[in-house]
Amino acid sequence: MEITAMFMHNKRLQYTVRVAEPNPALGSLILEQFGGPDGELAAAMRYFTQGLGELDPGRKDMLLDIATEELSHLEVIGSVVAMLNKGAKAQLSEAAMEEAELYLSLNAGGNSHTQSILYGGGPALTNSSGVPWTAAYIDSRGDPTCDLRSNIAAESRAKIIYERLIAITDDPGIKDALGFLMTREIAHQKSFEKALYAIADNFPPGKLPGIEKYANMYVNTSQGEGDMEGPWNSGEQWERVDDLEQVLPADDGDGTATVELGEDDRAVATALTARTASDPNGNPTTGVDLGAGPGAGRTTDEDMGGAADIKEASRMADEMTV
Ligand code: MN
Ligand code: MN
């Protein structure tokens, strides 16, 4: 068969959706995987855009395959949400119930009233709290080892969200469909892992090598009770730094920050420094002294009749007059 279009739509879903009964509140929670950060639209757009920019023919093929499958998942999860809202959608559209009854049905919980009132019971591209989907969910950088690692993390996040959704429903048809979608994320993670390790030198990312003497250094910057040793900071692979005073700054410089300024810059920098110089010897009275009341703590020149003391004295004088 000749393929004539870039995208075609097959009317059958990738997995059959059998929802036992309407449940708008559950629908609003399941929206997390429709328009949330770890949801199917984010996954599809992440891999689609990576695929378009990819130079390697193998990775390009894989990314476009998985991107397209994620769109199929978007269709499955969106259909679950639509079925869960089908009753409420019809009831509201036809205004068939008594007002009070309809009001109660729309307030089933979660974000379900927004789904009904604003989106008419259709799946909205929001997360489970109604936050609109955003391209900011996509964190591709156009480097294959960075992006494959990010994809591996994204698939593991999606797997966990499906697990949580499966835990909150006892509808066997929904559990079944969510279990399928969850398992496909496991398969995708495996493909991305293989694609990462199909790149001979995949670590460190990019082209520039790390600087040898800093690449094995572990800096024990949080010290005291609770310090632990493990393969992540001790043993053959690590040069562990415990004496920070001795070893830092890591180079042989003095650990200050300097810059060579041109003559013009130097003159204005000097003027700026002089104009905004702080006087360590003065002890000025400030607004907090003038406004200080109970609970202000110590104020300026307390022993020498500071503002707070003056106020207190005047208050006491007032009391005595009465
Ligand atoms: Mn998916
Ligand atoms: Mn996936």
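**A two-manganese site and the helices around it**

In this predicted model, the manganese ion (ligand 1) takes its protein donors from E40 (OE), E40 (OE), E70 (OE), H73 (ND1) and E185 (OE), which lie 2.0 to 2.6 Å from the ion. Donors here are N, O and S atoms within 2.8 Å of the metal (3.2 Å for Na, K and Ca), and water is not among the atoms, so sites may look incomplete. Along the chain, the donors of this ion follow the spacing E-x29-E-x2-H-x111-E. Distant parts of the chain are linked by the pair H73 and E185: H73 sits in helix α4 (residues 57–94) and E185 in helix α8 (residues 172–197), 112 residues apart. Helices (H or I, at least four residues) and strands (E, at least two) are DSSP runs, numbered from the N terminus. Both H73 and E185 are buried, where buried means under 20% relative accessible area, exposed over 50% and partly exposed in between (1.4 Å probe, protein chains only).

As for conventions, residues are numbered from 1 along each chain as its sequence is written, while chains are lettered from A and ligands numbered from 1 in the order in which they are written. Local features need pLDDT of at least 70, side-chain atom pairs count only at pLDDT 80 or more, and totals for chains, interfaces and linings use all residues, with side-chain values using heavy atoms and leaving out hydrogens and water.

The manganese ion (ligand 2) has E70 (OE), E155 (OE), E155 (OE), E185 (OE) and H188 (ND1) as its protein donors, at 2.0 to 2.4 Å. Its donor residues are spaced E-x84-E-x29-E-x2-H in sequence. The manganese ion (ligand 2) lies 3.6 Å from the manganese ion (ligand 1), and E70 coordinates both. Here too a pair of donors joins distant parts of the chain, with E70 in helix α4 and H188 in helix α8, 118 residues apart. E70 and H188 are each buried.

The helix packing comes next. The axes of α4 and helix α7 (residues 144–167) come within 14 Å and cross at roughly 25°; axes are lines fitted to C-alpha atoms, for helices over the stretch in contact, and angles run from 0 to 180 degrees between N-to-C directions. This angle makes α4 roughly parallel to α7, given that angles under 35 degrees count as roughly parallel, over 145 as roughly antiparallel, 65 to 115 as roughly perpendicular and the rest as oblique. The crossing of α4 and α7 is left-handed, a term used if the near helix is turned anticlockwise from the far one by less than a right angle, with right-handed used if clockwise. In this pairing, R59, M62, L63, E70 and I77 of α4 meet P144, L148, N151, E155 and Y162 of α7, contact meaning heavy atoms within 4.5 Å. The residues of the α4 and α7 contact divide into six nonpolar, one polar and three charged. For this division, Ala, Val, Leu, Ile, Met, Phe, Trp, Tyr, Cys and Pro count as nonpolar, Asp, Glu, Lys and Arg as charged, and the others, Gly among them, as polar.

Helix α3 (residues 40–53) also packs on α7, at an angle of about 165° and with the axes 11 Å apart. The two helices are therefore roughly antiparallel to each other. Their crossing is left-handed. On the α3 side the contact is made by E40, R46, Y47 and Q50, and on the α7 side by D147, N151, A154, E155, R157 and Y162. These residues comprise three nonpolar, two polar and five charged.

The axes of α7 and α8 come within 9 Å and cross at roughly 160°, which makes α7 roughly antiparallel to α8. This crossing, too, is left-handed. The contact of α7 with α8 involves 13 nonpolar, six polar and seven charged residues.

Elsewhere in helix α4 is V81, buried with a relative accessible area of 0%. V81 and L31 are 50 residues apart in sequence but 6.9 Å apart in space, C-alpha to C-alpha. Leaving aside neighbours within four places in sequence, V81 is in contact with G27, I30, L31, Q115 and P123.

Some backbone details are also worth a look. Most residues other than glycine have a negative phi, and most peptide bonds are trans. The peptide bond from F203 to P204 is cis, with omega near -5°, and P204 lies in the loop between α8 and α9 (212–215). The bond from L248 to P249 is cis, with omega near 0°, and P249 is found in the loop between α10 (244–247) and α11 (263–275). A95, a residue other than glycine, has a positive phi near 45°. A95 belongs to the loop between α4 and α5 (99–106) and counts as exposed, at 51% relative accessibility.
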